[in-house]
Every structure is written in structure tokens, then in C-alpha cells.
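Student: I'd like to learn how to read a fold like this one. Could you walk me through it?

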Amino acid sequence: MRTFAFLLAVVPAIASSQQQVVKPPIALYWMSAETAAGMSMPGMPAMAAGMMGGSGRSGGQSGRHLLLQLGSQQAASGEPKAGHDIPPGMNMGPMLPLVTPRREPAVRAERDMPEGMEKPRGRMLLYWGCGENVRAGQPVVIDFANIAEGKAPPNMVSRRIAHPSGPASGRSKTYGDWPNQDQTRAEQPRSVPADASLRGAHAVKGNYSPEITFALEKDFLDRVELAASGGSVRWNAIPNATGYFATLYGAQSENEIVFWSSSEVQEMGSALMDYLPPAEVARLIREKVVMPPQAVDCTVPGEVLQKAGAPMFNFIAYGEEANFVQPPRPQDPKVAWEQRWAAKVRFKSTASLLLGERTSRQETRQSAPSAPAPQSQPAAPDPVKEGINVLRGIFGR
């Protein structure tokens, strides 16, 4: 399974129907670069993680974020040590340490409904499509009580999305990442500066991986600036974006959650608020699920806004990828390709804001994301937390 996971990760960038790859790379390295704007709020993947006891994106703050992941099929010579030598333009010192996580004992999750726990109540209303009015056949209603009884929701549509598997502790003999558990140490950079640039020479060195070197010409995507008037939302065109997608969710009460996506066809979108390979984005644009990079606005239907209260609008701009592999593919397709390492750099830009009566206040917060919110300001409803609590009951959590 480990070998299969590595092959899945590098196939989109380096596979050939004619070239024989005799074995996967010794080491796989991923850099994930995000530009975030506005109030952060986890999407459907984070709701799923919450149901299983996990969490959404770490930090959840505006700014530039970077995730570095190194996985190797080799054991370390001694205590695992690795680091990423970064270009001066990142303004984070000469190197970012890739720390091997401490393995905690696995705790088996209880899957049965706890004694005395009430049967989940409430429902989720699913909408989709930009425009002033909702489309025919909407909303699709998911009744939580029916799901708890094992009844499948009616009229559910969700496409299979290709998500290559990157490096991870469970898929590698030795693994290291940044940010990491040693983030509190004074000598470690704790965040990515607003003016950091990824352009330049990069080198990953460690005692459990071949040396990985590459030069980047691509950089963080531009920041998304959202502006809303009622349900009409506009954004700035993002250079090098491959497509856009948006979701909205809110709640008038804990018994009714509203979820909407910008897809022109019915789609849950549970896997779309994350990095996607450019080829997958192109396919989803053809299928009218993802908005093309020329799009600059979208209107949330009035019925959705009315039922969602003060909803959160989440937006993602998908970016290009940079892929590297050593040694390069042989020119002769009959020559076996024995790869030592493969590296992938992927990009996205995300933003979010509250729609409805709170929009103007949210736009003010976006212009100064580091300023703390006044203590007297009323808290917005948290439909995701409410949804997690309800859905946890379905799965006995």
C-alpha cells in the first residue's frame, strides 16, 4: 500500500504510458503554499475531520502559510534529521527544520452511540449555482435522524475528485515536516512573513533522504479580495489561477444548517475547498463544477441568504503546480526509469467573509486582519460547530 500511495502522488507529473518506472522514488517532498484572506472558517473537509475528532487548517489566520512534508522509504542513520535550505527572499533565515513527529499510541475510537445520547435531530439544506434564484430541484434535504437510522439521503450527488496522496508519517518509513512540534523553540521561524517569496534555489537535506534540489520561478498566489453587496460577491482576478470555487453555510438555528456551492450542477463540494491538480481543475471546469479563471463574480440566491441567517462565504483560487524529479525521464522509453526523488510545489489562495447584515463589518476586519475584534461585538453563529455536534451524533462520536 505504501508503494501504491507514492506512485499515486507522482503519476500526474511524471508518469508515461510508455516509460517503465521500476520502483517509486526513495523520497517524496511536497511544499504547499497558501495565501489566506479574511476570517477563516473550516470547510466541509474540516467538518468531516471534526466528526472524527480532528480539526481544520491549523492557525486559521490571514496571511501566507507554508506546509513542508518530506517522506522517505529509507531509515535514518541515527536520529532523524532534515532541513530545507530556503532562498533569501523568504526572509525566514537560512533553513527550516523538518522535524520527525513523535508517534503517539493509537487510541481506538468508540463507534457506538454513547448510552443516554439523544437521537440526532435537524437537517441540512443543500443548494448550488450562482444566480438570484435557486434552481429546480433545490434544496436537497439531509435529515440527520434518518441518517442515524441508516437511511441514505435521497438525491445525493458528489463526484470523485482526484487527490494525490502526499508524504505522511503513516506512508513513509521516515517522515519530517514544518511547521512541527518544535515550533515553540526560539530559533525556529514561527510564521511566514507577508513579503516572503518562494522564488530561488531550494535544497532539502537529511540523513534519511537523498539531497533534493530545485529552483522555483513560481510564487505565492495573490491575495483574494472579496467584496459583497447583498448576495452579489465580486473578487479580483488572480494571476496564474486555474479556477475558482465557493461555498456558503449558515444556520438560523441548530436544527437547520444551510449549505450552498457555486457549482452549476449539483455537487456537495466536500473535497473541493483544498489544493487540486491543474488537470483536475480543468476537468471540473468542463463539467461546470468549478468556475473558470475568467470569472470575477457570483450571486448567492436570495432564498439561500434568507434561510442561512448571517452565513460565511468561503472562496478558493486554485493555483498551478511545479513538479521536479531526479533523474529526469530517459529519452529512450525502453530504458527503465529509476527515480531517486520527486518534489511537488502547489499553490492556492483562499478568502472568506460574512454575508448579509454583517458584511460591512467583516470588510473592515479584512483590511486589518491582525486587529483583535472588540469584546463587545456579538459573536456570529457558528453553523459549522453546530453541524459537527449534530453529525458527531450520527457517527457515535
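Tutor: Sure, with one cut-off to start: a residue is buried when its relative accessible area is under 20%, and exposed when it is over 50%. Keep in mind that this is a predicted model.

Student: Let's use that on a helix. Which residues of helix 4 are buried?

Tutor: The general idea comes first. An α-helix has 3.6 residues a turn, so residues three or four places apart point the same way. Now the case here: helix 4 spans residues 278-286, and its buried residues are Glu 280, Val 281 and Leu 284. They sit on the same side of helix 4 because they cover an arc of only 100 degrees around its axis.

Student: And which exposed residues are on the face turned away from that buried side?

Tutor: Ala 279 and Arg 286.

Student: What covers the buried residues of helix 4?

Tutor: The cover includes strand 13 (243-253) and strand 16 (312-326). Helix 4 lies across both strands, at about 135 degrees to strand 16. Just after the helix comes Lys 288, with a positive phi near 65 degrees.

Student: In what order do the strands of the open sheet run?

Tutor: There are nine, in the order 7-6-14-13-16-18-2-3-8, with mixed pairing. Strand 7 (140-143) and strand 8 (174-178) are the edges, each pairing on one side only. From one strand to the next, the twist averages 20 degrees.

Student: Where can I see the mixed pairing?

Tutor: Look at strand 14 (residues 256-261). Strand 6 (residues 123-128) runs parallel to strand 14, joined by six bridges, with Met 124 opposite Ile 257. Strand 13 pairs with strand 14 in the antiparallel sense, over six bridges, and there Ala 251 has Ile 257 as its bridge partner. Strands 13 and 14 form a hairpin with two residues between them.

Student: Why is strand 14 described as largely enclosed?

Tutor: Six of its six residues are buried, so the rest of the structure largely encloses strand 14. Both faces are covered: Glu 256, Val 258 and Trp 260 on one side, Ile 257, Phe 259 and Ser 261 on the other.

Student: Last one: how many residues does the largest nonpolar core have?

Tutor: In soluble globular proteins, nonpolar side chains tend to be buried together. Here the largest core has 57 residues, and Tyr 29, Leu 66, Trp 235, Phe 313 and Phe 315 have the most contacts inside it. Strand 18 gives the most to this core, with six residues. Another core, of eleven residues, lies apart from it and includes Phe 245, Leu 272, Leu 276 and Val 281. You met Val 281 earlier, among the buried residues of helix 4.

Key. Residues numbered from 1 in each chain as written. Predicted model: local features only at pLDDT ≥ 70, side-chain atom pairs only at ≥ 80, totals over all residues. Heavy atoms only, no water. Buried < 20%, exposed > 50% of the residue type's maximum accessible area, 1.4 Å probe, protein only. Helix = DSSP H or I, 4+ residues; strand = E, 2+ residues; numbered from the N terminus. Arc of directions from axis to C-beta. Contact = heavy atoms within 4.5 Å. Pairing = 2+ DSSP bridges. Axes fitted to C-alpha atoms, helices over the stretch in contact; angles between N-to-C directions. Core = buried A, V, L, I, M, F, W, Y, C linked by side-chain atoms within 4.5 Å.
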